[in-house]
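Colleague: Got a minute to go through this model with me? I'd like to know what backs up the labels.

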Amino acid sequence: MSEGLVHKLEDGRDLSDAEFAVLLEGGCQDSELFLAADGVRRRMYGDKVYIRGLIEFSNYCKNNCYYCGIRRDNASVTRYRLSKEEILACCDEGYRLGFRTFVLQGGEDPHYSDALMCDIVSAIRQSFPDCAITLSLGEKRKESYEALFSAGANRYLLRHETADDAHYRLLHPAPMRLENRKRSLFELKAIGYQVGSGFMVGSPFQTTEDIVSDLRFLQTLKPDMIGVGPYIPHAGTPFSGHRAGALDLTLRVLAILRLMFPCALIPSTTALGSIHPEGRELGLKAGANVVMPNLSPLRVRTLYALYENKICTDEEAAESRAKLERRVENAGYQIVTDIGNVRKHF
Ligand code: 5AD
């Protein structure tokens, strides 16, 4: 019965909630699931791995998510902000290293007004007309998303974190609401962004049913990118005592997502690489086709700590890039210098 489930997904058929639960809980051979996911990924994207240069430009955040290391109430964080010039310098270096997508990610930091953010995006757009600009700035008003899109941004990452209302409230204090998160995601899509969503695997209080809800929500959203990585505790948060998400469950989720969304751009996340020495390679072999190395200046690397034991915080971008290339090749794939847009048809 479980082998049938993998074939069913491979054929583009839907599963029932109970069938998804069987797959998630390891009711079929992981090797078979991963092989099927890798097959679909190779049919869609060959052995290509797209690289995105991540620029973590601010660790100030007005939100207080219980799981996140840069939450507002974590007084032990040394806060920093990058200037427009510093961000552009990161892009310069990234471009030289072959990156054609820049991801600007930060906490929800009101210092970066719409005017300032649009100015930064326009400057990047002007200097790098052949690159994609991805934003990961959290929840904003629709008008702000529109202004940023007009300024030249192409993509937006906003994980929904969990599609279950009660679970969302366990992870986020008021005034954060799942409804707002979902509305933002649909607004971003309507504006014309390529949209990424996703969730943490093994976040506190998460059940198998919650993950099934996440899969269902993604079926309605139909995102271009899907970011999924294990939850990892951080000592400066109320969830410090909760254990990290498991490697095998994370890999199963990645493989199921690849089978459900053959064209999606799915990163093998830094979090996955942080819970296992070969986590990112294993993620690629389970269907992921993107990696997002860090382009932030070395001096701020350790300060953008959403979770503990994050990898690559002590390496220059160039060093990371070279090491990653070897790792990706050893796993049986090739890094490509390419804008790496989503494939819409197959
Ligand atoms: N462990 C793993 N991932 C985390 N994120 C935030 N805190 C943690 C953590 N402790 C993820 C969230 C967010 C993304 C930028 O990082 O899913 O959307």
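Colleague: What makes the E161–ligand pair a polar contact?

Modeller: A polar side-chain atom of E161 lies 2.5 Å from an oxygen atom of the ligand. A polar contact is a pair of N or O atoms within 3.5 Å, so the pair qualifies. The protein covers 86% of the 410 Å² of accessible area that the ligand has on its own, with areas from the Shrake-Rupley method and a 1.4 Å probe.

Modeller: Before you ask, this is a predicted model: local features need pLDDT of at least 70, side-chain atom pairs count only at pLDDT 80 or more, and totals for chains, interfaces and linings use all residues. Residues are numbered from 1 along each chain as its sequence is written, and side-chain values use heavy atoms, leaving out hydrogens and water.

Colleague: Which backbone atoms lie 3.0 Å and 2.7 Å from a nitrogen atom of the ligand?

Modeller: For Y67 it's a backbone N or O atom at 3.0 Å; for I232, a backbone N or O atom at 2.7 Å.

Colleague: Why is T162 called buried?

Modeller: Its relative accessible area is 0%, and buried means under 20% (1.4 Å probe, protein chains only), so T162 is buried.

Colleague: What does T162 touch, not counting residues up to four places away in sequence?

Modeller: H167, Y168, L171, L178 and D214, where contact means heavy atoms within 4.5 Å. Also, the side chain of T162 reaches the backbone nitrogen of D164 at 3.3 Å.

Notes. Buried < 20%, exposed > 50% of the residue type's maximum accessible area, 1.4 Å probe, protein only. Polar contact = N/O pair within 3.5 Å; in protein donor to acceptor, adjacent residues only side chain to side chain.
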